[in-house]
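Reader: I've got a model open and want to know what stands behind the labels people put on it. Can you walk me through a few?

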Amino acid sequence: MYDVIIIGGGPAGLTAGLYAARGGLKTLICEEKVFGGQIVMSYEVDNYPGFPKGISGMDLMDNFIKQAEKFGVEMNYDGVKSIEDEGKTKIVTLSNGTKLTTKTVIIAAGASPNKLNCPGEKKFTGKGVSYCATCDGAFFKGKKVAVVGGGDSAIEEALYLANLASKVYIIHRRDQLRAVKILQDRAFSNKKIEFIFNHVVKEIQGDKFVNGILIENVQTKELTRLEVDGVFIYVGITPNTKFVEDLIKLDENGYIIVNDKMETNIPGIYAAGDIRVTPLRQVLTAAADGAIAASCAQIYIETQINT
Amino acid sequence: MAEVHLTQSNWEEEVLNSDIPVLVDFWAPWCGPCRMVAPVVSEIAEEYKGKLKVGKLNTDEEPEIAVRYGIMSIPTLMIFKNGEVVDQIIGAVPKEYLVEKLQQVL
């Protein structure tokens, strides 16, 4: 039996693992896809304290992983299908059907990038449609690309792409960006970046690969075709809570509700990182959540022994 | 390491003329998800040794091969059988999904 099973191997899960294992708990992290989580796609993280020169998301997460491994955290590449609450123990069922027993669970499964859900998006994914500028930007060197979105991610990735592409269009459905001012200023002063406000992407077009997009003015409904070779989509994230929606209390947007101890509505089950209701989603806050969740789980386990 | 380092010069011999199916991992050093998915690919290489050959193609070092197979996004995993592409998986996917795809071919 495990003391802690952590679902998700991003910064929240890895930090929770590190703290739990260092505290002497038998700990397992189940990560379905990519250890390191969403941040591994970021070319540069310049606001994680302790790194005044900035660091790539990948390198930062490499360090998180090494540190967790150092304290003896077990890690596997298994998705989790469900959690059952048996009171003093919990049953975690992996996607391959294996059932594991544990005293506590920390849900740190993060969030996934939203899709546009427009015609052509699925067809051309990997053939011009991308959700990761650092992964795919190099294939668009000297070409024209569109970035869809108006938040920090969209602007950051547009700035990254501007170093490679010949032109970057930023397409946003409103007339104001949500991104922080410093990013906005850098984008506005970049000669390769052109802003197209008040527009949405109606269709992504091409034959074997993307060769253009159809955009619509949200007010006038006028359609324009833009010739681009790539479309990078950054229109928000959705929490990965479908697998626990019947067990754990969520808010109206699907995020897990926790108190300041990262406790969910079920004793012994915690949540940490992007997946929980929080005013700020950063590597830093995810790591902090993970540490709190692991520490509180440890105290919970110790009180269980004494009752 | 059970994976074969693929280049333009050994592509024909290792991939096209292979007796057993080949899983090719198209990656690049600056691609975060590629690097993070590498351990899963390594595990697969070990587990299916003898039944499946696993090769890695660095798209930075071997751009001609990447262009030849229309690679515009990484990580991309391609499954080759008798020199032909029989399946491809774009983006980081769960190990299980990859195993399912391989079972269909092996």
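**Core, helices and domains**

Author: Sure. This is a predicted model, and its largest nonpolar core has 126 residues, of which I106(A), I107(A), V147(A) and A158(A) touch the most other members. That core takes at least three residues from each of domain 1 (2-112 + 237-306) and domain 2 (129-233) of chain A.

Reader: What is V147(A) in contact with, leaving aside neighbours within four places in sequence?

Author: Contact here takes C-beta atoms within 7 Å. On that count V147(A) meets A154(A), E157(A), A158(A), L161(A), V168(A), I170(A), F232(A) and Y234(A).

Reader: Why is helix α4 of chain A called largely enclosed?

Author: A residue is buried if 20 or more other C-beta atoms lie within 10 Å of its own. Nine of the 11 residues of α4 (residues 152-162) of chain A are buried, so the label fits. Among them are S153(A), E156(A) and L159(A). The cover includes β9 (144-148), β10 (167-171) and α5 (181-188) of chain A.

Reader: And what makes α1(A) and α6(A) a crossing pair, and of which hand?

Author: The axes of α1 (residues 11-22) and α6 (residues 283-306) of chain A come within 7 Å and cross at roughly 35 degrees. The crossing is right-handed. Residues meeting there include A16(A) and Y19(A) from α1(A), and A287(A) and A294(A) from α6(A). The contact divides into 12 nonpolar residues, five polar and one charged.

Reader: How far apart are the centres of the two domains of chain A?

Author: Taken over C-alpha atoms, 33 Å separate the centres of domain 1 and domain 2 of chain A.

Terms used. Residues are numbered from 1 along each chain as its sequence is written. Chains are lettered from A and ligands numbered from 1 in the order in which they are written. This is a predicted model: local features need pLDDT of at least 70, side-chain atom pairs count only at pLDDT 80 or more; totals for chains, interfaces and linings use all residues. Axes are lines fitted to C-alpha atoms, for helices over the stretch in contact, and angles run from 0 to 180 degrees between N-to-C directions. Helices (H or I, at least four residues) and strands (E, at least two) are DSSP runs, numbered from the N terminus. A crossing is left-handed if the near helix is turned anticlockwise from the far one by less than a right angle, and right-handed if clockwise. Two residues are in contact if their C-beta atoms, placed from the backbone, lie within 7 Å. Ala, Val, Leu, Ile, Met, Phe, Trp, Tyr, Cys and Pro count as nonpolar, Asp, Glu, Lys and Arg as charged, and the others, Gly among them, as polar. A nonpolar core is a set of buried Ala, Val, Leu, Ile, Met, Phe, Trp, Tyr and Cys residues joined through C-beta atoms within 7 Å. A residue is buried if 20 or more other C-beta atoms lie within 10 Å of its own, exposed if 12 or fewer, and partly exposed in between; C-beta atoms are placed from the backbone. Domain bounds come from an automatic or database domain assignment.
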